[in-house]
Amino acid sequence: MPLRSLHPLPLVPLSPQDWVFLTRFCFLSDFGRLDFRFRYIKSRCCQNILLYFDDSSQWPAVYKRPDKDCYQKEAVLRPENNQVINLTTRYTWSGCVGDEEVLSCVGGRSFRSVRERWWYIALSKCGGEGLQLEYEMKLTNGQSFWTQHFSADEFGILETDITFLVIFSLVFILSCYFAYNLKGRQLLHTTYKMFMTAAGVEVLSLLFHCIYWGLYARDGVGNGSLKIMGKLLFSVSFLVFLLMLILLGKGFTVTRARISHSGSVKLSIYMTVYTITYIILFIYEAEFFDPGEVLYAYDSPAGYGLMGLQLLAYVWFCYAVLISLKHYPEKQPFYIPFFTAYTLWFFAVPVMALIANFGIPRWAREKIVNGIQLGIHLYAHIVFLAITRPSAANKNFPYHVRTSQIGILLSSPKAGVAGESFPHHAYGNSSFLGDSQPNFTELFSIQSVTLFISAVVTKCFYKTPSLKTQGANNSSVEFQWLGKTP
């Protein structure tokens, strides 16, 4: 984010160069305003404020052009357009007054153009000993709270973030309500908890962003730490959701109780690489993005790396879903809409990045990309909420094995084999009621006699030679172990 407002600095060399870039700002057509205050030692006269716009004959013609000296960089400006402000008493518009030692200049400029456009502000002192001054600048677009301190490319970001914060908060609350119902039926699986985590972290991310932009709207500075925290949380939410999709594609909590050891290792390596690439992107954006150019986060080596990892995740996702459907064709009502909906999601991020880099005007890129990115995340969360809602009318509901049954499977002596797969069944309870209370008659119902009964009986009789239970008619039933005592 380019610096909008600079507090007064001590009289130290600003740059050993005679031409230096300060900041950029996208002014609105009729309401742009630059207010400045400069102060420097009179003996170092005379210094200039240079105002370049994004025409190919101006800013691109001078920035990062070591073949041009200070005089040539000044020569591309048009004095008739008041693009050069001489910080001297001889130039009335500069507002300079001074005594024998110090010259103080307080003034401003209004910016009007036929469209929103970038303006780049630089300082020069050609043929001198470098720049040395203290300064303060304020760049504004009108007087409204929602626009005053914002560059035109940032208009609407605060309003958009507030809107999505409200919507994602409702999504998270609704997911908590669904989780309460699922917990009552012993169907609150790990993958659904991961979804809730992703939604909750997304809400926190938007909250940090809204606080940052709110502070920024008030004073034009904000708190950069809040924005960084918001970006980090946004990335964490994305990574958790991506991991959940891959796990569901592999059938975790839908067709199997656990992922194989080799699959867990591959997932761990992949998510580690993804996380490291995200960290590199943040570092690259903070350290190497040039404020003199309008860049997008994905327009970097790390950004292209993230898009490649996203496409690799999609290939993995496709393979996992196909294998799950091959072994559990009765899960088609869940996996077909799941696969179709998230195919669009997997391709949305790379397509958005390409459109942002090549199809969106630079002055509108940040606000448009912000809205599209949040919309993509909202789409992903709402789709998952819809296909996993615990309703009798939901024919796509993926879970059918109770969480208590998974514990029995994994603790049995045959867990290495049986723990990999669930019994073939669309639902664990055909009478899936709409209340939040457990159905005690089927709370531990087992749909596959061969798999579940053998697991339960094996566990019980390996531990106890005989087991007595009280039947429904109060008669004692005794089970005797008929095999060899372990």
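This report describes the confidence, helices, nonpolar cores and strand pairing of one protein chain.

The model is predicted, and the chain averages a pLDDT of 79, with 80% of the residues scoring at least 70. Over residues 413-419 the pLDDT is below 50, although this stretch still has 13 contacts in the model beyond near neighbours in sequence. The pLDDT is also below 50 over residues 428-486, a stretch for which the model shows 84 contacts beyond near neighbours in sequence. Where pLDDT is low, the predicted coordinates should not be read in detail.

**Helix α5**

Helix α5 covers residues 224-249, and its 26 residues should span 38 Å at 1.5 Å a residue; the C-alpha atoms at its ends are 38 Å apart, so the expected and modelled values agree. At the start of the helix, a side-chain oxygen of Asn223 comes to within 3.0 Å of the backbone nitrogen of Ser225. After α5 comes Gly251, which has a positive phi, near 95°.

**The nonpolar cores**

In soluble globular proteins, nonpolar side chains tend to be buried together. Here the largest nonpolar core has 73 residues, and the members that touch the most others are Tyr192, Tyr342 and Trp345. At least two residues of this core come from each of α3 (157-184), α4 (190-219), α5, α6 (261-287), α7 (301-327), α8 (332-358) and α9 (365-387). Helix α8 provides the largest share, 12 residues.

Which residues does Trp345 contact, leaving aside its neighbours within four places in sequence? They are Phe238, Phe241, Leu242, Leu245, Gln310, Ile376, Tyr379 and Ala380. Apart from the largest core lies another core of 27 residues, which includes Val76, Tyr120, Phe155 and Tyr216.

**Strand β4 and its partners**

Strand β4 (residues 48-53) has 6 of its 6 residues buried, and it is therefore largely enclosed by the rest of the structure. Both of its faces are covered, with Asn48, Leu50 and Tyr52 buried on one side and Ile49, Leu51 and Phe53 buried on the other. The strand pairs in the antiparallel sense with β5 (residues 84-86) and also runs antiparallel to β8 (residues 117-124). The bridges to each partner are set out below, with one residue pair for each.

| Partner of β4 | Bridges | One bridged pair |
|---|---|---|
| β5 (residues 84-86) | 3 bridges | Ile49 and Ile85 |
| β8 (residues 117-124) | 6 bridges | Tyr52 and Tyr120 |

Tyr120, the bridge partner of Tyr52 in β8, is also among the residues of the 27-residue core.

**Two buried residues**

Thr140 is placed in strand β10 (residues 134-141). Is Thr140 buried or exposed, at 4% relative accessibility? Because buried means under 20% relative accessible area, Thr140 at 4% counts as buried. Not counting residues up to four places away in sequence, Thr140 touches Phe25, Phe27, Phe31, Gly32, Arg33, Gln148 and His149.

Met307, which lies in helix α7, has a relative accessibility of 8% and so counts as buried by the same cut-off of under 20%. With residues up to four places away in sequence left out, Met307 touches Tyr298, Pro350 and Ala353. Although Met307 and Val349 are 42 residues apart along the chain, their C-alpha atoms are separated by 7.4 Å.

How values were computed:
Residues numbered from 1 in each chain as written. Heavy atoms only, no water. pLDDT = per-residue confidence, 0-100. Contact = heavy atoms within 4.5 Å. Helix = DSSP H or I, 4+ residues; strand = E, 2+ residues; numbered from the N terminus. Expected span 1.5 Å × (residues − 1). Polar contact = N/O pair within 3.5 Å; in protein donor to acceptor, adjacent residues only side chain to side chain. Core = buried A, V, L, I, M, F, W, Y, C linked by side-chain atoms within 4.5 Å. Buried < 20%, exposed > 50% of the residue type's maximum accessible area, 1.4 Å probe, protein only. Pairing = 2+ DSSP bridges.
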